Amino acid sequence: MKAEDTSFLNLLGGGSRQFVIPVFQRQYSWTETQCSQLLSDVVGVARRSQGATHFVGSVVYVASGDHSAVLPQWLVIDGQQRLTTCTLLLAVLRNRLRVRGGEIPITDSPAALDEQFLLNKFAPPALRSRLALRGTDDMYLQKLLTGQPLPDDPTNRVSANASFFEAALSEHDELEVLAGLRRLMVVSVALKPGQDNPQLIFESLNSTGMTLTQADLVRNYVLMGHAEPQQTEWYQT
């Protein structure tokens with residue numbers, strides 16, 4: 001495996017590619033408690049001295065094995081909750097900057113955020129977003145990323161957390177929050193297909209925190225050793 005420290009935005013903006021949440025992962029489940037803490041950390045690091053950073057954890061991923069894709073796809077083995085939540089915050093922030101008055105630096109413009117961190121501008125529709133979830137979560141995320149209104153669905157965490165960030169950002173300066181996002185650091189861990197065992201790494205990383213159910217472990221064990229298209233076909237059928 002190759003591990004390196006990098007900023008969260010560098011991870012998202014490293015060329016045209018797509019991070020995919022595999023079907024063996026749990027649903028997106030962070031609540032307002034975790035979102036509020038993340039926003040507090042982002043604002044806090046933005047207000048610290050120049051050069052200060054804030055570490056938010058690791059993101060572990062492996063190549064999908066789908067060689068037919070026109071751009072690289074990476075299956076997220078660990079870190080989907082923070083990756084998804086940071087993406088939600090960034091998308092809501094972009095939407096607010098679109099209606100913000102006054103001058104905005106070109107690097108902080110909504111178009112720049114889209115092109116660098118949220119969308120693969122010239123990719124086919126299925127690969128347009130830099131992050132792909134599953135089921136209803138993905139449907140809501142794609143609406144948010146492409147600027148469409150989200151349904152008011154408090155039972156879905158993507159919709160609920162996007163609404164939370166929209167309300168919470170009304171009390172903050174958008175450019176300050178964006179500056180804080182630029183200071184978030186992660187450990188990027190790229191696994192090598194055929195050398196690293198994603199199953200063992202997945203179990204090791206998830207041995208603490210919220211306990212995986214037996215269904216989670218069985219689904220992971222059955223699906224993870226196969227290419228992503230095969231995983232999706234078996235999961236759906």
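**Exercise 1. Find which residues form the nonpolar patch on the surface, and say which helix gives the largest share.**

Solution. Start with the members: Val 218, Tyr 221, Val 222 and Trp 234 make up a nonpolar patch on the surface. Together they offer about 440 Å² of accessible area. Keep in mind as you look around that this is a predicted model. Next, look for the main contributor: helix H9, residues 214-223, supplies three residues, the largest share of the patch. Val 218, for one, sits in helix H9.

**Exercise 2. Work out how compact the chain is for its 237 residues.**

Solution. First, take stock of the parts: the chain has 10 helices and six strands. Its radius of gyration is 17 Å, and the globule rule gives 18 Å for 237 residues, so the chain is as compact as a globular protein of that length. For a feel of the dimensions, picture a box of roughly 50 × 35 × 35 Å along the principal axes, filled by the C-alpha atoms. Then check the inside: 50% of the 237 residues are buried. Finally, see who touches whom: of the contacts between residues at least 6 apart in sequence, 74% link residues at least 24 apart.

**Exercise 3. Decide whether Thr 6 is buried or exposed, and list its contacts.**

Solution. Locate the residue first: Thr 6 belongs to strand E1, residues 2-7. Buried means under 20% relative accessible area. Thr 6 has 15%, so it counts as buried. Now skip the neighbours within four places in sequence, and you're left with Leu 11, Leu 184, Met 185, Val 186 and Ser 188 in contact with Thr 6.

**Exercise 4. Explain why strand E3 is called largely enclosed, and trace its pairing.**

Solution. Count the buried residues: seven of the 10 in strand E3 (residues 54-63) are buried, so the rest of the structure largely encloses this strand. Now for the partners. Strand E6, residues 184-191, runs parallel to E3, with seven bridges joining the two. One place to spot this is His 54, which stands opposite Leu 184 in E6. With strand E4 (residues 73-78), E3 pairs in the antiparallel sense over four bridges. There, Ala 63 has Trp 74 of E4 as its bridge partner.

**Exercise 5. Name the buried residues of helix H4, and find what they pack against.**

Solution. Go along helix H4, residues 110-118, and pick out the buried ones: Pro 110, Ala 112, Leu 113, Asp 114, Phe 117 and Leu 118. Then look across from them: these buried residues pack against helices H1 (8-12), H3 (80-98), H5 (135-145) and H7 (174-181).

Methods: Residues numbered from 1 in each chain as written. Predicted model: local features only at pLDDT ≥ 70, side-chain atom pairs only at ≥ 80, totals over all residues. Heavy atoms only, no water. Patch = residues over 30% accessible without salt bridge, like charges linked within 9 Å, V, L, I, M, F, W, Y side chains within 5 Å. Areas by Shrake-Rupley, 256 points an atom, 1.4 Å probe, with all protein chains shown as cover. Salt bridge = Lys/Arg side-chain N within 4 Å of Asp/Glu carboxyl O. Buried < 20%, exposed > 50% of the residue type's maximum accessible area, 1.4 Å probe, protein only. Contact = heavy atoms within 4.5 Å. Rg over C-alpha atoms; globule rule 2.2 N^0.38 Å. Pairing = 2+ DSSP bridges.
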